[in-house]
Amino acid sequence: LGDVYKRQATSWLIEYGPSGFAQGLGSLVTASANPHVFTGLPSGTNYDFYVRAICSATDTSMYSALGSFATACAVENLPYANNFNNWPLICWDMTGGSQSWFHYNNGGTNAARANFWSWTAGNDAYMTTPEINISADAQVSFDWSHQYNASYPNDSVALQVKVLPNGTWTSIWGLKAAAFNSNDGAGTTFPGSFVTETFVLDPTTYTGQTVQFRFEAVSGWGPDAFIRDLLVEAVPTCLAPDSLMASNVSATSLDFGWTEMNSACLLYTSDAADDLLCV
């Protein structure tokens with residue numbers, strides 16, 4: 001038998017796409033060097049790829065076996081928003097508890113779901129954001145929904161924040177027992193119309209820092225809890241009115257009033273007590 005003649009590859013064809021893509025439907029790039037440098041990819045994304053050798057215009061190899069890689073998670077900037085429409089959550093850490101938050105998607109309503117009704121009491125789950133640069137005085141808001149059940153009173157959810165790299169988790173919101181009732185039509189295993197919470201971060205602690213937020217859910221074996229529409233943003237320079245009220249109501253008229261927030265001070269929660277931020 002004679003020697004097998006092998007040509008030297010002069011370039012390579014790379015097919016790549018999001019993890020799980022169907023081969024033949026990916027993006028193609030021709031590489032002239034090994035290794036090939038990819039640029040412009042989004043952070044925190046999982047990819048699959050295949051490579052074939054091009055030895056001449058008429059002589060190419062079969063595609064290689066499947067390869068995979070993931071781009072690193074970048075520090076997020078303000079504003080940072082996640083509506084929980086897409087799952088799994090990119091660059092979020094869902095570990096650390098005995099259970100895990102998972103995706104609720106029904107009738108166009110998307111949310112993160114703590115499945116208390118299926119967990120025994122005492123099980124917990126954590127849902128931690130990517131790192132976020134708090135480059136200005138900031139506020140955090142989110143929507144929640146939960147039905148209180150007096151037979152299972154110990155469900156709780158808290159929002160915590162930590163300054164990186166060595167800070168400790170500090171709770172800035174949390175509800176338990178009868179207070180953990182959204183009164184929005186929520187049921188045992190489905191959310192209602194949701195309640196919005198907004199908190200101004202203590203500027204002396206968090207402005208200029210890189211932080212993470214996490215939701216901690218602890219089951220009392222009661223109804224499921226739901227979170228959606230997380231937003232971390234700079235405190236607006238023009239604030240919406242608050243404390244809407246009606247008085248002197250008659251059959252044809254009334255006095256309608258509100259609190260003008262643009263000449264007021266905002267309440268924020270610090271480690272020790274509630275304080276005021278005047279804007």
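In this predicted model, Arg-113 has a relative accessible area of 14%, and because buried means under 20%, the residue counts as buried. The side chain of Arg-113 takes part in a salt bridge with Asp-224, in which the closest N and O atoms are 2.7 Å apart. The two partners belong to distant parts of the chain, since Arg-113 sits in strand 9 whereas Asp-224 is found in the loop between strand 16 (209-218) and strand 17 (225-234), and 111 residues separate them. Asp-224 is likewise classed as buried, because its relative accessibility is 0%.

The salt bridges of the model number three, and the other two can be followed from Arg-228. One of them joins the side chains of Arg-228 and Asp-143, with an N to O distance of 3.3 Å. Asp-143 is part of strand 12 (residues 138-146) and Arg-228 is part of strand 17, so this pair ties together parts of the chain that lie 85 residues apart in sequence. The side chain of Arg-228 also meets that of Asp-229 in a salt bridge, here at 3.6 Å from N to O. Taken together, Asp-143, Arg-228 and Asp-229 form a linked network of salt bridges. The two acidic members of this network fall into separate accessibility classes: Asp-143 counts as buried because its relative accessibility is 9%, while Asp-229, at 33%, counts as partly exposed.

Strand 9 (109-114) also leads to another site, for the loop between this strand and strand 10 (124-128) holds Asn-123. With a relative accessibility of 13%, Asn-123 is counted as buried, and its side chain has polar partners. A polar contact of 2.7 Å connects the side chain of Asn-123 with that of Thr-120, and a polar contact of 3.5 Å connects it with the side chain of Gln-99. When the neighbours within four places in sequence are set aside, the residues in contact with Asn-123 are Ser-98, Gln-99, Ala-217, Val-218 and Ser-219.

A further loop, between strand 4 (59-60) and strand 5 (67-70), contains Tyr-63. Is Tyr-63 exposed or only partly exposed? Its relative accessibility is 25%, and because the partly exposed class lies between the 20% limit for buried residues and the 50% limit for exposed ones, Tyr-63 counts as partly exposed. Not counting residues up to four places away in sequence, Tyr-63 touches Leu-13, Glu-15, Gln-23, Leu-28, Tyr-50, Val-51 and Arg-52. For Leu-13, one of these residues, the separation from Tyr-63 is 50 residues in sequence but 8.7 Å in space, taken from C-alpha to C-alpha.

Another tyrosine, Tyr-206, is placed in helix 1 (residues 203-206). Tyr-206 has a relative accessible area of 4% and is therefore buried. Relative to Phe-180, Tyr-206 is 26 residues away in sequence and 27 Å away in space, again from C-alpha to C-alpha.

On the surface, a nonpolar patch is formed by Leu-244, Val-249, Leu-254, Phe-256 and Trp-258, whose accessible area together comes to about 560 Å². Among these residues, Leu-244 is located in strand 18 (residues 242-247), and it counts as exposed because its relative accessibility is 58%.

These sites can now be set within the chain as a whole, which contains one helix and 21 strands. Its radius of gyration is 26 Å, well over the 19 Å that the globule rule gives for 279 residues, and the chain is therefore more spread out than a compact globule. The C-alpha trace spans about 100 × 50 × 45 Å along its principal axes. Of the 279 residues, 40% are buried, and the chain exposes about 15,200 Å², of which carbon and sulfur atoms supply 51%. As for how contacts are distributed along the sequence, among those between residues at least 6 apart, 71% join residues at least 24 apart. The salt bridge of Arg-113 with Asp-224, whose partners are 111 residues apart, and that of Asp-143 with Arg-228, whose partners are 85 residues apart, each connect separate parts of the sequence.

Conventions:
Residues numbered from 1 in each chain as written. Predicted model: local features only at pLDDT ≥ 70, side-chain atom pairs only at ≥ 80, totals over all residues. Heavy atoms only, no water. Helix = DSSP H or I, 4+ residues; strand = E, 2+ residues; numbered from the N terminus. Buried < 20%, exposed > 50% of the residue type's maximum accessible area, 1.4 Å probe, protein only. Polar contact = N/O pair within 3.5 Å; in protein donor to acceptor, adjacent residues only side chain to side chain. Contact = heavy atoms within 4.5 Å. Patch = residues over 30% accessible without salt bridge, like charges linked within 9 Å, V, L, I, M, F, W, Y side chains within 5 Å. Areas by Shrake-Rupley, 256 points an atom, 1.4 Å probe, with all protein chains shown as cover. Salt bridge = Lys/Arg side-chain N within 4 Å of Asp/Glu carboxyl O. Rg over C-alpha atoms; globule rule 2.2 N^0.38 Å.
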